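Trainee: I should be grateful for a close look at one part of this chain, namely the strands and the loops around them. Please take me through that part in order.

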Amino acid sequence: MMLGLPKLLLLLVLAWLAWRVYKRWQTQRLSLPKTQKPGQPPASSSEDMVRCRQCQVFFPASQAIYAQGDSFCCEAHRKQFLSDT
Ligand SMILES: [Zn+2]
């Protein structure tokens with residue numbers, strides 16, 4: 001009995017750890033397809049995403065530079081687009 005109790009406790013701890021690892025793996029596996037959608041812009045944040053007219057890259061609307069109703073990711077692309085047309 002003196003040696004049996006520590007072994008039982010160790011077994012319980014190992015079982016608990018295995019359960020924790022299993023649950024974490026399960027939640028990660030389930031949450032992965034929701035966050036990764038290939039071919040679509042990231043929509044994780046509540047912020048609006050706009051597209052640069054020059055390089056077609058999506059970025060937060062708060063960082064956008066607006067000119068003549070179009071949105072641009074940076075000042076250089078705004079100048080490029082306006083000089084092209
Ligand atoms: Zn751009």
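Mentor: The model is a predicted one, and its pLDDT averages 85 over the protein chain, with 79% of the residues scoring at least 70. Among the elements of the chain, β4 has the highest mean pLDDT, at 95, and α1 the lowest, at 87. The part you ask about therefore includes the element with the highest mean pLDDT in the chain.

First, the setting. The protein chain contains four strands and two helices, arranged along the sequence as α-β-β-β-β-α. Of its 85 residues, 6% are buried. Among contacts with a separation of 6 or more, 9% join residues 24 or more positions apart.

The loop that leads from α1 (4–35) to β1 (49–51) contains Asp48. This residue counts as exposed because it has 10 C-beta neighbours inside 10 Å, and the limit for that class is 12 or fewer. Asp48 also has a partner further along the sequence: Ala61 is 13 residues away, yet the two C-alpha atoms are 5.5 Å apart in space.

Next comes the loop between β1 and β2 (58–60), where Gln56 is found. Its backbone deserves attention, since most residues other than glycine have a negative phi. Gln56 is not a glycine, but its phi is positive, at about 65 degrees. Gln56 is also exposed, because 8 other C-beta atoms lie within 10 Å.

A second glutamine with a positive phi occurs in the loop between β3 (65–67) and β4 (70–72), namely Gln68. The phi of Gln68 is near 55 degrees, again in a residue other than glycine. Gln68 counts as exposed because it has 9 C-beta neighbours inside 10 Å.

The last loop to consider runs between β4 and α2 (75–84), and Cys74 lies in it. Here the classification changes: Cys74 has 16 C-beta neighbours inside 10 Å, so it counts as partly exposed. A residue would need 20 or more such neighbours to be called buried. Cys74 can also be related to an earlier point in the chain, for its C-alpha atom is 7.1 Å from that of Ala64, ten residues away along the chain.

To draw the loops together, Asp48, Gln56 and Gln68 are exposed, whereas Cys74 is partly exposed. Positive phi values are found at Gln56 and at Gln68.

Terms used:
Residues numbered from 1 in each chain as written. Predicted model: local features only at pLDDT ≥ 70, side-chain atom pairs only at ≥ 80, totals over all residues. Contact = placed C-beta atoms within 7 Å. pLDDT = per-residue confidence, 0-100.
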